[in-house]
Every structure is written in C-alpha cells, then in structure tokens.
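Thanks, everyone. Please have the sequence and the structure open while I talk. I'll start with a single residue and work outwards.

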Amino acid sequence: MNSIVNEIKESIKEHDTVLDGLYSWDEYKVLKDEFGDNLKLLAITADRSLRYERLTTREFRPLTNEEAYNRDVAEIENLAKGGPISISDYYILNNSNIDDYINKLEEIINKM
C-alpha cells in the first residue's frame with residue numbers, strides 16, 4: 001500500500017487526483033490517515049435488481065443473478081467493502097441512462 005500512497009502523493013502535487021475502486025475498510029483507513037479531510041469518497045450504485053440485470057447483459061464477464069448475489073455477499077463479508085460505501089461523502093444512484101449519470105457526476109464535481 002505504501003507504493004500507491006507515494007504515487008498518490010506525487011500525483012496530487014501536479015493535479016487533482018481520482019482513484020477508482022476502494023475495495024476495503026482497511027484501504028480506506030490507510031488513505032484517511034494519509035490524506036485526512038482531503039480524501040473524498042463517491043459511491044456509485046444502482047438498485048440491486050437493475051445492477052443484476054446489467055451484470056447479466058454485459059459483454060465482459062457476465063454474471064448470473066446468483067453469481068452477482070454471491071459476489072455482493074463475499075465483498076461485504078470478506079473485504080469489508082460496505083464500510084467505505086456507507087461513509088462516502090457523495091452518492092450517485094445510477095438507475096437511469098448515461099446522460100443522467102454524467103449530469104449527476106458533474107454536479108458533484110462542481111460541489112468539490
């Protein structure tokens with residue numbers, strides 16, 4: 001984790017930096033210790049039925065509803081992934097189309 005923290009520190013010297021994919025409570029704690037209030041979390045989600053529908057129809061690594069549910073449970077139980085989601089500073093409910101998603105994202109970026 002130290003090497004990625006160092007990469008982030010170098011990146012933020014030059015420009016705003018966005019990280020994609022915070023996968024555990026432990027990762028959150030390390031980043032929070034390093035970056036304090038400068039760390040802002042954005043959770044992007046959709047209603048479970050819609051997420052599962054999207055997962056079954058995606059081209060790359062489609063999942064059945066059962067596989068998607070099992071993945072959700074594993075991420076909660078094994079990775080403590082729910083913590084960073086629940087403590088996020090901003091949320092996007094991505095239940096609509098790409099244009100709506102981009103508009104919501106732009107609203108949040110403007111708040112920051």
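Start at Ser88, in the loop between helix 5, residues 82-86, and strand 2. One caution before I go on: this is a predicted model. Is Ser88 buried or exposed? Its relative accessibility is 11%, so Ser88 counts as buried; the cut-off is under 20%. What does its side chain reach? The backbone oxygen of Pro84, at 2.9 Å. Now look past the neighbours within four places in sequence. There Ser88 is in contact with Leu41, Leu42 and Ala43.

Leu41 takes us to the core. The largest nonpolar core has seven residues: Val5, Ile8, Tyr28, Leu31, Phe35, Leu39 and Leu41. Helix 1, residues 2-14, and helix 2, residues 25-35, each supply at least two of them. Which helix gives the most? Helix 2, with three residues. As a general point, nonpolar side chains in soluble globular proteins tend to be buried together.

Stay with Tyr28 for a moment. Set aside residues up to four places away in sequence. Tyr28 then touches Leu22, Leu39, Leu41, Pro84 and Ile87. Leu39 and Leu41 are fellow members of the core. Pro84 we have met already: its backbone oxygen is what the Ser88 side chain reaches.

Next, the other loop at strand 2. Strand 2 covers residues 90-93, and Asn94 sits in the loop between that strand and helix 6. Ser96 is in the loop between strand 2 and helix 6 as well. How do they score on accessibility? Asn94 has a relative accessible area of 18%, so under the 20% cut-off it is buried. Ser96 comes out at 38%, which means partly exposed, between the 20% and 50% cut-offs.

What does Asn94 touch, beyond four places in sequence? Ile44, Thr45, Ala46, Leu50, Arg54 and Tyr101. Ala46 comes up again with Ser96. Those two are 50 residues apart along the chain, and their C-alpha atoms are separated by 8.8 Å.

Leu50, from that contact list, leads to helix 3. In helix 3, residues 48-57, the buried residues are Leu50, Tyr52 and Leu55. What do they pack against? Helix 4, residues 65-79.

On to helix 6, residues 98-111. Helix 6 has 14 residues. From first C-alpha to last it reaches 20 Å, close to the 20 Å expected at 1.5 Å a residue. Look at its start. A side-chain oxygen of Asn97 reaches to within 3.1 Å of the backbone nitrogen of Asp99.

Now zoom out. How many helices and strands are there? Six helices and two strands. Along the sequence, the pattern reads α-α-β-α-α-α-β-α. The C-alpha trace spans about 40 × 35 × 25 Å along its principal axes. The chain has 112 residues, and 23% of them count as buried. Its accessible surface comes to about 8,400 Å², with 49% of that belonging to carbon and sulfur atoms.

One last number, on contacts. Take those with a separation of 6 or more: 58% of them are between residues 24 or more positions apart. The contact between Asn94 and Ile44 is one to look at on your screens.

Methods: Residues numbered from 1 in each chain as written. Predicted model: local features only at pLDDT ≥ 70, side-chain atom pairs only at ≥ 80, totals over all residues. Heavy atoms only, no water. Core = buried A, V, L, I, M, F, W, Y, C linked by side-chain atoms within 4.5 Å. Buried < 20%, exposed > 50% of the residue type's maximum accessible area, 1.4 Å probe, protein only. Helix = DSSP H or I, 4+ residues; strand = E, 2+ residues; numbered from the N terminus. Contact = heavy atoms within 4.5 Å. Expected span 1.5 Å × (residues − 1). Polar contact = N/O pair within 3.5 Å; in protein donor to acceptor, adjacent residues only side chain to side chain. Areas by Shrake-Rupley, 256 points an atom, 1.4 Å probe, with all protein chains shown as cover.
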